[in-house]
Amino acid sequence: MLSFLDSRITKNLKDDQINVKFAKSETIEDSNSKTRKKFIKLHNLQGYCSGYDKKQSVNLDHPSTFDTLAMDPIMKKNIIDDLDLFLQRKDFYKKVGKAWKRGYLLYGPPRTGKSSLIAAMANYLKFDIYDLQLNNVVSDSCLKKMMLNTSNRSIIVIEDIDCSKQTHDRKRTSSSSCTSPVQPKRFSQFSLSGLLNFIDGLWSCCGDERIIIFTTNHKKRLDPALLRPGRMDVHIHMSYLTIDGFKTLAANYLNILDHHWRFTEIEDLLSGTKVTPVEVAEELMKSDDQEVVLEGVVKFLQRKKTEEDAAKERINKGKDAVLEVEEKKKKIDAEKEKIESSG
């Protein structure tokens with residue numbers, strides 16, 4: 001849900017009539033032109049609605065861009081096209097009676113670039129980011145206050161949404177717990193309906209040109225009501241590293257802009273190995289020598305493949321052992337039945 005900050009508020013509105021506090025991003029004058037460049041701000045929405053509400057802000061100086069993201073080029077283009085189309089459709093949204101917002105769900109294994117993609121989107125759009133941690137939300141009214149402290153032309157980020165039990169699929173009885181190191185400081189009592197009201201209910205129109213981004217490592221845990229279009233409009237699977245993503249990393253870290261003879265071997269290894277962009281990026285930083293680094297990447301991927309194959313073998317052996325026990329039990333039960341029937 002993107003929303004562009006409209007700084008031109010009608011003059012006849014009194015200050016005390018305005019409850020929504022619009023966060024104004026700092027700007028600096030470009031010495032070579034009359035255009036103004038915006039400092040992107042990262043706001044930490046916090047407060048338990050128990051006597052104080054605070055919004056801490058810093059300048060977002062994250063270097064991630066769509067050019068540096070190690071992900072599928074087609075996926076990157078689709079995201080950029082979707083963002084561009086959204087920005088151009090203010091009149092369209094008004095015409096069809098929808099709030100001018102867009103929801104994204106980034107899902108996939110940890111360390112696959114979700115945070116980097118969010119930063120790249122913010123840098124591309126020049127939108128502020130509001131970090132909303134649901135574990136800090138103790139009630140629906142608290143959630144309302146926190147959301148009203150956000151501005152137009154902004155990205156609201158709700159990370160690890162599966163870590164809040166209110167967002168779990170109500171039809172599932174899974175007892176699996178969240179793996180996030182962030183633990184709630186107080187018991188959270190906000191409701192799923194309260195969250196949905198801000199995503200696409202009446203309160204969703206409290207800002208314009210706004211994006212809401214949710215992240216999760218476990219999409220299947222989420223309640224289907226959250227996953228519907230209008231709430232999470234675009235679902236983006238952040239997968240393990242592919243050869244296209246690796247080529248982007250090689251260009252960024254090693255300045256290899258053309259094909260390298262090692263790429264064929266690396267592509268074969270990546271096709272059968274689950275490795276994240278972060279893991280490979282760490283290998284690419286170990287030397288300034290291209291050949292040394294690429295040889296190290298090949299050895300690293302070979303080790304990962306060996307480890308994964310060994311793990312699969314252990315799992316298969318475990319399954320075989322279970323099947324063997326079940327088969328023995330069936331034979332014993334069959335023998336008992338035979339003895340009982342003959343007696």
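Me: Before we start, a cut-off: buried means under 20% relative accessible area, exposed means over 50%, and partly exposed is what lies in between. With that in hand, and remembering that this is a predicted model, why is D160 called partly exposed?

Reply: D160 has 26% relative accessibility. That value falls between 20% and 50%, so D160 counts as partly exposed.

Me: Where does D160 sit, and what is its phi?

Reply: D160 is in the loop between β7 and α5. Its phi is positive, about 50°, although D160 is not a glycine.

Me: And R153, what makes that one partly exposed?

Reply: Here the figure is 24% relative accessibility, which again lies between the two cut-offs, so R153 counts as partly exposed. R153 belongs to the loop between α4 and β7, and its phi is near 50°, a positive value in a residue other than glycine.

Me: Then why is A281 called buried?

Reply: A281 comes out at 9% relative accessibility, and buried means under 20%, so the label fits. A281 is part of helix α9, residues 277–284.

Me: What does A281 touch, leaving aside its neighbours within four places in sequence?

Reply: L249 and Y253. As for N252, it is 29 residues from A281 along the chain, and their C-alpha atoms are separated by 9.7 Å.

Me: On to α4. Which of its residues are buried, and how do you know that they are on the same side of the helix?

Reply: In α4, residues 140–147, the buried ones are C142, L143, M146 and M147. They cover an arc of only 130° around the axis, and therefore sit on the same side of α4. Helix geometry helps here: an α-helix has 3.6 residues a turn, so residues three or four places apart point the same way.

Me: What do those buried residues of α4 pack against?

Reply: Four strands and a helix in the list: β3 (41–46), β6 (128–132), β7 (154–158) and β8 (210–216), plus α5 (192–200).

Me: Last pair: α7 (residues 243–254) and α8 (residues 262–271). Why is α7 called oblique to α8?

Reply: Their axes come within 10 Å and cross at roughly 135°. Roughly perpendicular stops at 115 degrees and roughly antiparallel needs over 145, so α7 is oblique to α8. The crossing is right-handed.

Me: Which residues make that contact, and what kinds are they?

Reply: α7 brings I243, F246, K247 and A250, while α8 brings F263, I266, E267 and L270. They divide into six nonpolar, no polar and two charged.

Methods: Residues numbered from 1 in each chain as written. Predicted model: local features only at pLDDT ≥ 70, side-chain atom pairs only at ≥ 80, totals over all residues. Heavy atoms only, no water. Buried < 20%, exposed > 50% of the residue type's maximum accessible area, 1.4 Å probe, protein only. Helix = DSSP H or I, 4+ residues; strand = E, 2+ residues; numbered from the N terminus. Arc of directions from axis to C-beta. Contact = heavy atoms within 4.5 Å. Axes fitted to C-alpha atoms, helices over the stretch in contact; angles between N-to-C directions. Parallel < 35°, antiparallel > 145°, perpendicular 65-115°, else oblique. Left-handed = near helix turned anticlockwise from the far one by under 90°. Nonpolar A, V, L, I, M, F, W, Y, C, P; charged D, E, K, R; others polar.
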